[in-house]
Amino acid sequence: MFNVKSYKSTSEREDKTNAWWKKERIFERSVEERPENNQFSFLDGPPFVTGTPHYGHLAGRIAKDVIPRYQTMKGKRVRRVWGWDCHGLPVEEKVEKKLGLKNRRDIESFGRNKFLQECYKYVEKTSSEWAWYVDKIGEWIDFKNSYKTMHTSYMESVIWVFKQLYDKGLIYEGNKTLLYCTRCGTPVSKFEIAMDDSYTIMKDPAVTVEFPVTSEGKFRGSRLLAWTTTPWTLPANRALVVEPKEVYVEFSGNEAGNKYIAAKKRMKVLMGKDEYKVLSEFKGKELLGLEYDAPFNYFPPNENDFKVYEYEEMVNMDEGTGIVHNATSYGEIDAEMGREYGLTPMYAVDDEGKFIDKVKDFRGVYVKEADKMIIDNLKKRNLLFKVETISHRYPFCYRCETPLIYRSVPGWFIKIKNSKKNFLEQNKKINWVPAKLTKRFEHTLKTAPDWNISRTRYWATAMPIWKCNKCEELEVFGSIKEIEDRSGQKVENLHRDGVDHIKFVCKKCRGEMSRIPEVLDVWFESGSMPYGQIHYPFENKKLFEHTFPADYIVEYVAQIRAWFYYMHVVSNLLVGKNSFVNVVNTGTLAGTDGRKMSKSLNNYPDPKDTLIKYGGDAIRLYFMGSPLLLGEDPNMDETEIKTQVSTVIFPLWNSVKYFGTYANLAKWAPKDLKKPKLSDNDKLDLWILIRVKQFAREMEKGLAGYNMPQATRVVAPFINDLSTWYIRRSRDRFVNGNKDAIATLYYALIKTAKAIAPLAPFIAEEIYQSLVKDQFDKEPDSVHLCLYPETQDLTKDEEQLLSDMRLVRDIASLGQAARVETRMKVRQPLAMLNVKSQSSQPKAGPSAFADRPLARKLEEWMKELLKDELNVKDVEKVEILQESVSWNVQQGGDLRVALNIELTDELKEEGLVRELVRMFQDTRKKSGLNQEDKAVISFETDDEELVNTVKKFKEEILEQTNSQELKFEQADREVMINGKKAKISIKQK
């Protein structure tokens, strides 16, 4: 007997499966029972510990589960260990809010070590919130032994990587102009802003400032007009920039009576409706080398300052005046130009974004608040030509939402430029999914600047550099033992509170060596993940050798500039090869506000309700079939999750229950799991076995190629073929206990379960337990401990049978369309269906309605299927279709069919019998009888035609309804049968 259980909901069934997996340690066994010398390596990019997952996270987590499950079923040992990204601004910002701290100064006042202890507590408290979601989506991963980037073992591997790169001469100390958060007091990477789209439309003053020319010659006294949206950078002005090939004009025309210089192309926007007079025209090259009076002179100039220069890509004619002001330390391109021309580096603003004391008129004022004061100052000194307000996209800190500024900051950097050629060559060896992203990664590599790896923050791995307070000698360490041996002091951890107190004597000058205050960029930690997760090289050397590089990683597409990039850089600089072989990039889901779904933005509903409502398999099928898994950016659509339930989960599980019912009624038991042997006459059985073979092959091609949408999109069409064609067309055979049909469905369901197990693990497990494990004790305990079914390409004969069945179904679809158009009930038998091909030559390629002719005679088995499906007495291929009111004609592609809708008395009577049987069956079901229960029918009606028909076909009705008696007596349930009133009651015999 087959015990196919019923459940109140999909979620209930999946929860019980999950509990059974844990009880029987199925996940752990799926790893342990595979050989150690047959590894498939997967690296899990750790999520931040802050908050709970959104749908985008779940999509990535599912993709992280599907491929390892598949590879496990291919016989591979797949180590899967969860990780937590614990460090950085996300945690610091949460803790600051909790403690009411506003900036770095507040943290220092609160106590650096106390703050770090609060970070520890926060991480330990919040990191358990993901477990429910991970279980609910069916992801198998080792939570118990998860690594954390804050673990001392992980951080020790990180400083080992740092030391290796430092010893190779790849790390240096320097100054660069970077995006900077004045609240957090640290540089922020551009890609971090791009990842969360941390831009806001902001209103800023746009000022056109006058710079009087002081050089002798024809331009002396004229005022160069430069435009800027950051007035606060003007105290740091060091140069002006023009485009030598563009035409500029000297003009007059406002009430001040001065002469001005600007680009000709910008005059219309600059002057608007105001009148002006052009005094002369000339190329920008004539302005090069001119000296001018800067609007502010808080810092003495060198011989190269306060002159007009050219610099590629700095000037454009789409905005401003065609003249650009350069503040060397407050813009990337400004800084590059400053270095090229030897301009004075400017440090007018402190690390809180406030002007330093030298800027006496605005000392202590925050830069954004200083804009108005600077504008007023320029206006009083007649140096302000024009002031406007503009709206533009402005970068904000992705955590604290403070407007960012460009600021020259000291720091530590990894040299990138000289290694780019190798990075690019190594990228050619990586399998990117989708493939188009290899070009995007190329662009990231080509345009990458030197990597700023230091941060002036707290919650991160302390940089392992000690500096002498006298001679500035440096010592760099790559392990805890090295630090302890050098200092004679115990290292408790590698955060600042664990090492900042450690000091020792300089070997060179006998000064005091102290650790530098910076911590490592968390992306350096992430790039070191392949080593840190297993504490390499201090432990697990063999495991590392067997699992590096990783066979598979998957994250969303923004990680091209983040985790993927940093792992690529670290690995190639460290060991000269890639850290991963195959990488899948998911796209970005939009949140409720149209922006990227993000925990920091809190712009999405909790997925918990959806998971409870539809279950994990449905969400897995939805996401894995989505263009999201091909790097595209779709919107979240809950209705499509519901569709997976109605098109895959319910039909498949109902097919299993259907099988169990009729296998039990026929007292059928399987002898083995082999494919049944069938004669060539069993076309329907042969067809579904070929479809199973085709389905499993297509599934495996997708999974083996890391193309999860390709694998997923074949599921629903196959389940439809199985349930709404094979089972429906074999209904009478199942009712009659046909052993071939039962054996065929049994095999099809088992192979289906194994094929979809990586994708829909819950229902696959339930099918396996119900149909296999309950029958065969010696089979593996779980479908996920089985090997993936062997798959082969189809033979030509198999392809032909699939093509023939498509043709049958195309004809059937046209015949059904004719019934619908004429409102002819399905149970009403009709006399004839004629079929005609529109052309004599076959066309290549399948399409809707098999866009091809009926080039040969319909075989008898095809006719029998069509007669049964369309409830017609005969089917014929003809050269000329009947065209009359008695025939309804339908066309699709190269096929035309004509359905004879004329009803004889015999056909009407037969239709009435079928309606009676349907109504009796429906009443039987509503009465709670099981399929095998014998029944007694009570029938009551005043309609003479109904009475006569029931009497005439009584034996047929009893047989088809599994009933023993039919009595004409009082009944309870009122029904309408072809417009005729009647009453029916059915009870068990």
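**Exercise 1. A set of antiparallel strands**

How many bridges join strand β18 to strand β21, and in which sense do the strands run? Work it out on the model above, which is a predicted one.

*Solution.* Start with the two strands themselves. Strand β18 spans residues 465–468 and strand β21 spans residues 512–515. Three bridges join them, and they run antiparallel. To place the pairing on the residues, look at Trp-466, which stands opposite Arg-515 in β21.

Next, turn to strand β20 (residues 503–505). This strand also pairs with β21 in the antiparallel sense, over three bridges. Here Phe-504 has Met-513 of β21 as its bridge partner.

Finally, follow the chain from β20 to β21. The hairpin has six residues between the strands, and Arg-510 in it takes a positive phi near 70°.

**Exercise 2. An open sheet**

Find the order of the strands in the open sheet that contains β15, β23 and β24, and say which strands lie at the edges.

*Solution.* Begin with the order, which is β15-β24-β23, with parallel pairing. Now look for strands that pair on one side only: these are β15 (431–433) and β23 (550–556), the edge strands. From one strand to the next, the twist averages 15°.

For a closer view, take β23 with β24 (residues 580–586). Six bridges hold this parallel pair, and one residue match to check is Val-554 with its bridge partner Val-584 in β24.

**Exercise 3. Unusual backbone geometry**

Where are the cis peptide bonds before Pro-434 and Pro-537, and what is omega in each?

*Solution.* As background, most residues other than glycine have a negative phi, and most peptide bonds are trans.

Step one: the bond between Val-433 and Pro-434 is cis, with omega about 0°. Pro-434 sits in the loop between β15 and α14 (437–447).

Step two: the bond between Tyr-536 and Pro-537 is cis too, with omega about 5°. Pro-537 belongs to the loop between α18 (529–532) and α19 (541–547).

Step three: for a phi example, visit Arg-25, whose phi is positive, near 55°. Arg-25 lies in the loop between α1 (10–24) and α2 (26–32).

**Exercise 4. Two helices that cross**

Describe how helix α8 meets helix α15.

*Solution.* First, the geometry: the axes of α8 (residues 152–167) and α15 (residues 480–487) come within 9 Å and cross at roughly 80°. Therefore α8 is roughly perpendicular to α15.

Second, the residues: α8 makes the contact with Thr-152, Glu-156, Ile-159 and Lys-163, while α15 uses Ile-480, Lys-481, Glu-482 and Ile-483.

Third, the chemistry: the contact has three nonpolar, one polar and four charged residues.

**Exercise 5. The largest pocket**

Which helix gives the most residues to the lining of the largest pocket, and what classes of residue make up that lining?

*Solution.* Start with the space: the largest pocket holds about 2100 Å³. Of its 47 lining residues, those closest to the centre are Arg-731, Asp-732, Val-735, Gln-921 and Gln-960.

Then assign the elements. Those giving two or more residues include α23 (638–665), α27 (731–735), β26 (872–877) and α32 (905–926). The top contributor is α32, with 11 residues.

To finish, sort by class: the lining has 13 nonpolar, 13 polar and 21 charged residues.

Conventions: Residues are numbered from 1 along each chain as its sequence is written. This is a predicted model: local features need pLDDT of at least 70, side-chain atom pairs count only at pLDDT 80 or more; totals for chains, interfaces and linings use all residues. Side-chain values use heavy atoms; hydrogens and water are left out. Axes are lines fitted to C-alpha atoms, for helices over the stretch in contact, and angles run from 0 to 180 degrees between N-to-C directions. Helices (H or I, at least four residues) and strands (E, at least two) are DSSP runs, numbered from the N terminus. Angles under 35 degrees count as roughly parallel, over 145 as roughly antiparallel, 65 to 115 as roughly perpendicular and the rest as oblique. Contact means heavy atoms within 4.5 Å. Ala, Val, Leu, Ile, Met, Phe, Trp, Tyr, Cys and Pro count as nonpolar, Asp, Glu, Lys and Arg as charged, and the others, Gly among them, as polar. Two strands pair if DSSP finds at least two bridges between them. On a 1 Å grid over the protein atoms alone, a cavity is a set of points where a 1.4 Å probe fits but cannot get out, and a pocket is an open set with protein on both sides within 12 Å along at least five of seven lines; lining residues have an atom within 4 Å of a point. Grid points are joined across faces, edges and corners, and a volume is the space filled by probe spheres set on the points.
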